[in-house]
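Thanks for sending this one over. Please have a look at the sequence and the structure first, and then read my points alongside them.

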Amino acid sequence: MKNLIVVSYGGGTNSKALLVGLFERSIRPDLILFADTGAELPETYIDIQDTSEWCVSIGFPNIITVQQVNQYGDKITLEQKCIEGKMLPSIAYGYKSCSLKFKRYPQDKYINNWPPAIQHWRQGGKVIKLIGYDADEERRAKILSDNKYDYQYLLIEWGWGRDECVAAIKRAGLNQPGKSACFFCPSSKKNEILQLKSKYPALMLRAITMEDNAELTSVKGLGRNYAWRDLAKSIDNQFNLFQTESNIDIDCDCYDGVAA
Ligand code: SF4
């Protein structure tokens with residue numbers, strides 16, 4: 001039986017490098033999925049479109065974007081869900097349901113209804129899902145299979161850490177995508193919040209609106225033990241303090257295509 005290969009595309013450096021590595025090894029995926037929470041930075045959406053066009057140009061399938069829907073079948077963003085529920089993304093409270101509901105479930109739903117996967121499972125096969133954990137985050141590559149999927153961590157097999165991923169993207173002549181995450185992600189570092197405020201004040205305002213709207217008891221705000229609103233007020237004076245934090249675009253521990 002022919003392998004059926006699905007790439008869970010996260011929109012960041014690792015998953016982009018994974019596509020480059022597949023191309024360099026003449027491995028063609030059958031499906032590339034990106035789950036959109038509705039809250040990526042503008043440059044991430046542009047890069048996903050560019051990468052999708054590159055995929056088509058090399059004979060890969062285009063990147064298909066999937067999104068969570070509400071009970072009526074209408075697309076819904078994580079921001080809408082938080083505003084309506086007067087809450088913050090669950091990661092603010094120490095849970096991962098925001099990434100499960102808005103990243104994992106839409107991908108699972110798509111594949112569950114994808115005819116090649118249905119046929120493959122009927123014939124007793126498992127779909128190969130490629131996960132873009134790199135060689136610097138081997139600890140995350142714990143799950144090898146479940147009843148539907150075999151998970152493969154090719155960046156780790158190839159020995160590609162972050163540096164090799166950046167180099168591969170450069171080698172392919174593509175733009176570096178930077179970090180992919182919701183602009184209001186509670187896992188954001190202070191220097192990232194600072195960058196959001198200066199580069200995208202309208203998005204920062206939306207994040208603070210979400211925070212102000214949330215009914216909070218166990219956490220103070222999007223920063224968990226502090227509110228982004230308070231940080232925004234003092235951020236200019238504290239600019240120098242944040243410069244000591246790492247600026248490496250390490251992805252947050254959000255869903256990356258494999259069950260937690
Ligand atoms: S990026 Fe952050 S807020 Fe968005 S789904 Fe992932 S963990 Fe949740």
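Here are my notes, point by point.

1. A reminder before anything else: this is a predicted model. Please keep that in mind for each point below.

2. Let's begin with the strands. Strand β1 (residues 5–8) and strand β4 (residues 127–130) run parallel and are joined by three bridges. If you want a pair to look at, Val-6 has Lys-129 as its bridge partner in β4.

3. β4 also pairs with strand β5 (residues 149–152), again in the parallel sense, over four bridges. Here you can find Leu-130 opposite Gln-152 of β5.

4. Is Leu-155 buried or exposed? Leu-155 belongs to helix α6 (residues 154–158). It counts as buried because 28 other C-beta atoms lie within 10 Å, where 20 or more are needed. Apart from neighbours within four places in sequence, the contacts of Leu-155 include Asn-14, Ala-17, Leu-18, Tyr-133, Trp-160 and Cys-165. Pro-106, by comparison, sits 24 Å from Leu-155, C-alpha to C-alpha, with the two positions 49 residues apart in sequence numbering.

5. Ala-17 comes up again in the largest nonpolar core, which has 59 residues. Ala-17, Ile-32, Phe-184 and Ala-207 are the ones that touch the most other members. Leaving out residues up to four places away in sequence, Ala-207 touches Phe-183, Phe-184, Leu-222 and Trp-228.

6. Finally, the ligand: which residues are closest to it? They are Pro-89, Cys-98, Cys-182, Cys-185 and Cys-254, out of 13 that surround the ligand. By class, this shell holds nine nonpolar, three polar and one charged residues.

Definitions and conventions
Residues are numbered from 1 along each chain as its sequence is written. This is a predicted model: local features need pLDDT of at least 70, side-chain atom pairs count only at pLDDT 80 or more; totals for chains, interfaces and linings use all residues. A nonpolar core is a set of buried Ala, Val, Leu, Ile, Met, Phe, Trp, Tyr and Cys residues joined through C-beta atoms within 7 Å. A residue is buried if 20 or more other C-beta atoms lie within 10 Å of its own, exposed if 12 or fewer, and partly exposed in between; C-beta atoms are placed from the backbone. Two residues are in contact if their C-beta atoms, placed from the backbone, lie within 7 Å. A residue is near a molecule or strand if its C-beta atom, placed from the backbone, lies within 6 Å of it. Ala, Val, Leu, Ile, Met, Phe, Trp, Tyr, Cys and Pro count as nonpolar, Asp, Glu, Lys and Arg as charged, and the others, Gly among them, as polar. Helices (H or I, at least four residues) and strands (E, at least two) are DSSP runs, numbered from the N terminus. Two strands pair if DSSP finds at least two bridges between them.
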